[in-house]
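This report describes a single structure, with attention to its charged contacts, helix starts and surface. The sequence and the structure are shown first.

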Amino acid sequence: MKKYLLLIEDEQLWERFKSKLKKDINSEIMDLIKKRAKEDK
């Protein structure tokens with residue numbers, strides 16, 4: 001798997017996102033990617 005670089009300029013948005021994480025950041029991002037991929041099919 002390739003690694004990625006995540007750049008977020010809005011610090012408040014990032015803090016809100018981090019506060020809602022139930023798992024580690026990688027798992028959460030992978031879940032979002034899988035969800036989006038299913039929607040596009």
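## The salt bridge between aspartate 31 and lysine 23

In this predicted model, aspartate 31 and lysine 23 are joined by a salt bridge, with their closest N and O atoms 2.4 Å apart. Aspartate 31 has a relative accessibility of 33% and therefore counts as partly exposed. Lysine 23 falls in the partly exposed class as well, because its relative accessibility is 43%; the limits of that class are 20% and 50%.

## Salt bridges within the helices

The whole structure contains 3 salt bridges. One of them links the side chains of lysine 18 and glutamate 15, at an N to O distance of 3.6 Å. These two residues lie 3 apart in helix H1, so about one helical turn separates lysine 18 from glutamate 15. In an α-helix there are 3.6 residues a turn, so residues three or four places apart point the same way. Lysine 18 has a relative accessible area of 37% and is therefore partly exposed; glutamate 15, with 42%, is likewise partly exposed.

A further salt bridge brings together the side chains of arginine 36 and glutamate 39, with 3.7 Å from N to O. Both belong to helix H2, which covers residues 25-40, and because they are 3 residues apart, about one helical turn lies between arginine 36 and glutamate 39. Arginine 36 and glutamate 39 are both exposed.

## Helix H2: length and start

H2 has 16 residues, and at 1.5 Å a residue these should span 22 Å. The expected span is reckoned from one less than the number of residues. The C-alpha atoms at the ends of H2 are 23 Å apart, which agrees with that expectation.

At the start of H2, aspartate 24 places a side-chain oxygen within 3.2 Å of the backbone nitrogen of asparagine 26.

## Aspartate 10 and the start of helix H1

Aspartate 10 is located in the segment before helix H1, which runs over residues 11-19. A polar atom of the aspartate 10 side chain lies 3.1 Å from the backbone nitrogen of leucine 13. With a relative accessibility of 41%, aspartate 10 counts as partly exposed. Its C-alpha atom is separated by 27 Å from that of aspartate 40, a residue 30 positions away along the chain.

Leucine 13, the partner in this contact, is itself part of helix H1. Its relative accessibility is 42%, so leucine 13 is classed as partly exposed. Leucine 13 also contributes to a nonpolar surface patch of about 340 Å², together with Tyr4, Leu6 and Ile8.

## The chain as a whole

The protein chain has 2 helices and 0 strands as its secondary structure. Its C-alpha trace spans about 30 × 20 × 20 Å along the principal axes.

Of the 41 residues in the protein chain, 5% are buried; for a residue to count as buried, its relative accessible area must be under 20%. The chain exposes about 4400 Å², and 55% of this area is supplied by carbon and sulfur atoms.

Note on methods: Residues are numbered from 1 along each chain as its sequence is written. This is a predicted model: local features need pLDDT of at least 70, side-chain atom pairs count only at pLDDT 80 or more; totals for chains, interfaces and linings use all residues. Side-chain values use heavy atoms; hydrogens and water are left out. Helices (H or I, at least four residues) and strands (E, at least two) are DSSP runs, numbered from the N terminus. Buried means under 20% relative accessible area, exposed over 50%, partly exposed in between (1.4 Å probe, protein chains only). A polar contact is a pair of N or O atoms within 3.5 Å; within protein, one must be able to donate a hydrogen and the other to accept it, and residues adjacent in sequence count only if both atoms are side-chain atoms. Patches are made of residues with over 30% relative accessible area and no salt bridge: like charges are joined within 9 Å, nonpolar side chains (Val, Leu, Ile, Met, Phe, Trp, Tyr) within 5 Å. Accessible areas come from the Shrake-Rupley method with a 1.4 Å probe; for residues, only the protein chains shown count as cover. A salt bridge is a side-chain nitrogen of Lys or Arg within 4 Å of a carboxyl oxygen of Asp or Glu.
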